[in-house]
Amino acid sequence: MATIAVMGGSYNPVHIGHMMVAQYVAQWCHGIDRVMMVLSPANPLKTGATDIVEDHHRLAMLRLACSQSCNTVIASDIELSMPRPSYTIDTLRRLKAENPADSFRLVIGSDNWNCFNRWREADAIISDFGLIVYPRPGYPPAAVPQHLASRVAVIDAPVAEISSTWIRRAIGHGHKVNFFLPPGVCEYISQHNLY
């Protein structure tokens with residue numbers, strides 16, 4: 001039996017900020033055995049999604065990034081085979097159904113916590129799985145109501161003011177970004193002429 005923290009995202013591309021949070025949760029959050037980074041499928045309806053690369057490229061980069069973690073952080077493609085649009089509650093329920101002995105907790109940024117009440121079945125996510133909220137620059141986390149304190153943990157993980165959008169723009173302008181990406185990802189982007 002393991003307790004797995006689930007951290008979803010488009011990872012377009014995965015960068016050191018993502019990996020910092022995942023590694024922090026895996027090593028410093030009490031009771032967490034590992035972190036599962038779940039790749040979200042490309043959503044053509046999402047505003048600004050014109051520069052999202054194909055799922056298989058994003059998954060390959062995510063696997064490269066996770067390969068450095070000694071199995072404390074793992075990549076998952078579970079959402080790529082699920083009906084779209086995909087909802088977090090459905091992903092968590094499927095993970096639980098496929099791994100009934102394990103427990104799962106959702107990892108989100110403080111920006112998402114501040115609007116979490118708009119998520120599909122937000123109450124069920126909290127009651128059935130629980131949340132780990134990490135800080136995002138510019139988004140001080142809303143207070144956790146007392147009745148949810150046992151189900152929602154706000155952590156003090158290190159933050160990096162870096163985003164996939166910034167990485168893509170930097171690459172598009174010819175800047176070197178190798179220090180902002182996990183080992184192997186910069187080379188993969190160059191090899192496949194991404195972004």
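Is cysteine 70 buried, partly exposed or exposed? With a relative accessible area of 71%, cysteine 70 is exposed. The structure described here is a predicted model.

## Cysteines

Cysteine 70 sits in the loop that connects α2 (55-66) with β3. Its phi is near 55 degrees, a positive value in a residue other than glycine. Cysteine 66 is buried, at 6% relative accessibility. Cysteine 115 is also buried, with a relative accessible area of 19%, a value that falls under the 20% cut-off.

Zero disulfides turn up when the whole structure is searched. A disulfide is a covalent bond between the sulfur atoms of two cysteines. For cysteine 66, the closest cysteine sulfur belongs to cysteine 70 and is 12 Å away, so the two are too far apart for a bond. A pair counts as a disulfide within 2.5 Å.

## Strand β1 and its partners

Strand β1 covers residues 3-9 and is mostly covered, with six of its seven residues buried. On one side of the account is its pairing with strand β2 (residues 34-39): the two run parallel and are joined by six bridges. Within this pairing, isoleucine 4 stands opposite arginine 34 of β2.

β1 also pairs with strand β4 (residues 103-109), again in the parallel sense, over four bridges. Two positions show how these strands line up: threonine 3 stands opposite serine 103, and alanine 5 has arginine 105 as its bridge partner. In a regular strand the side chains alternate between the two faces of the sheet.

## Strands β4 and β5

Like β1, strand β4 is mostly covered; five of its seven residues are buried. Besides its pairing with β1, β4 is joined by four bridges to strand β5 (residues 131-134), and these two strands run parallel. Isoleucine 108 of β4 stands opposite valine 133 in β5.

## The β1-α1-β2 unit

Strand β1, helix α1 (residues 16-28) and strand β2 form a β-α-β unit, and the unit is right-handed. The loop between α1 and β2 contains aspartate 33. This residue is partly exposed, its relative accessible area being 44%.

Aspartate 33 and threonine 3 are 30 residues apart in sequence, while their C-alpha atoms are 5.4 Å apart in space. Threonine 3 belongs to β1, which begins at that residue.

## Backbone exceptions

Most residues other than glycine have a negative phi, and most peptide bonds are trans. The loop between β1 and α1 holds an exception of each kind. Tyrosine 11, in this loop, has a positive phi of about 45 degrees although it is not a glycine. The residue is buried, with a relative accessible area of 2%. Proline 13 lies in that loop too, and the peptide bond leading to it from asparagine 12 is cis, with omega near 5 degrees.

Another cis peptide bond runs from arginine 84 to proline 85, with omega near 0 degrees. Proline 85 is placed in the loop between β3 (73-76) and α3 (88-98). The positive phi of cysteine 70, near 55 degrees, belongs to the loop between α2 and β3.

## The second largest pocket

About 160 Å³ of space is found in the second largest pocket. Its lining is made up of Ile171, Gly174, His175, Lys176, Val177, Asn178, Cys186, Ile189, Ser190 and Leu194. Helix α7 (residues 185-191) supplies the largest share of this lining, three residues.

By residue type, the lining of the second largest pocket divides into five nonpolar, four polar and one charged. The lining residues include Lys176, Cys186 and His175.

Note on methods:
Residues are numbered from 1 along each chain as its sequence is written. This is a predicted model: local features need pLDDT of at least 70, side-chain atom pairs count only at pLDDT 80 or more; totals for chains, interfaces and linings use all residues. Side-chain values use heavy atoms; hydrogens and water are left out. Buried means under 20% relative accessible area, exposed over 50%, partly exposed in between (1.4 Å probe, protein chains only). On a 1 Å grid over the protein atoms alone, a cavity is a set of points where a 1.4 Å probe fits but cannot get out, and a pocket is an open set with protein on both sides within 12 Å along at least five of seven lines; lining residues have an atom within 4 Å of a point. Grid points are joined across faces, edges and corners, and a volume is the space filled by probe spheres set on the points. Ala, Val, Leu, Ile, Met, Phe, Trp, Tyr, Cys and Pro count as nonpolar, Asp, Glu, Lys and Arg as charged, and the others, Gly among them, as polar. Two strands pair if DSSP finds at least two bridges between them. A crossover is right-handed if, with the strands pointing away from the viewer, the path from the first strand over the helix to the second runs clockwise.
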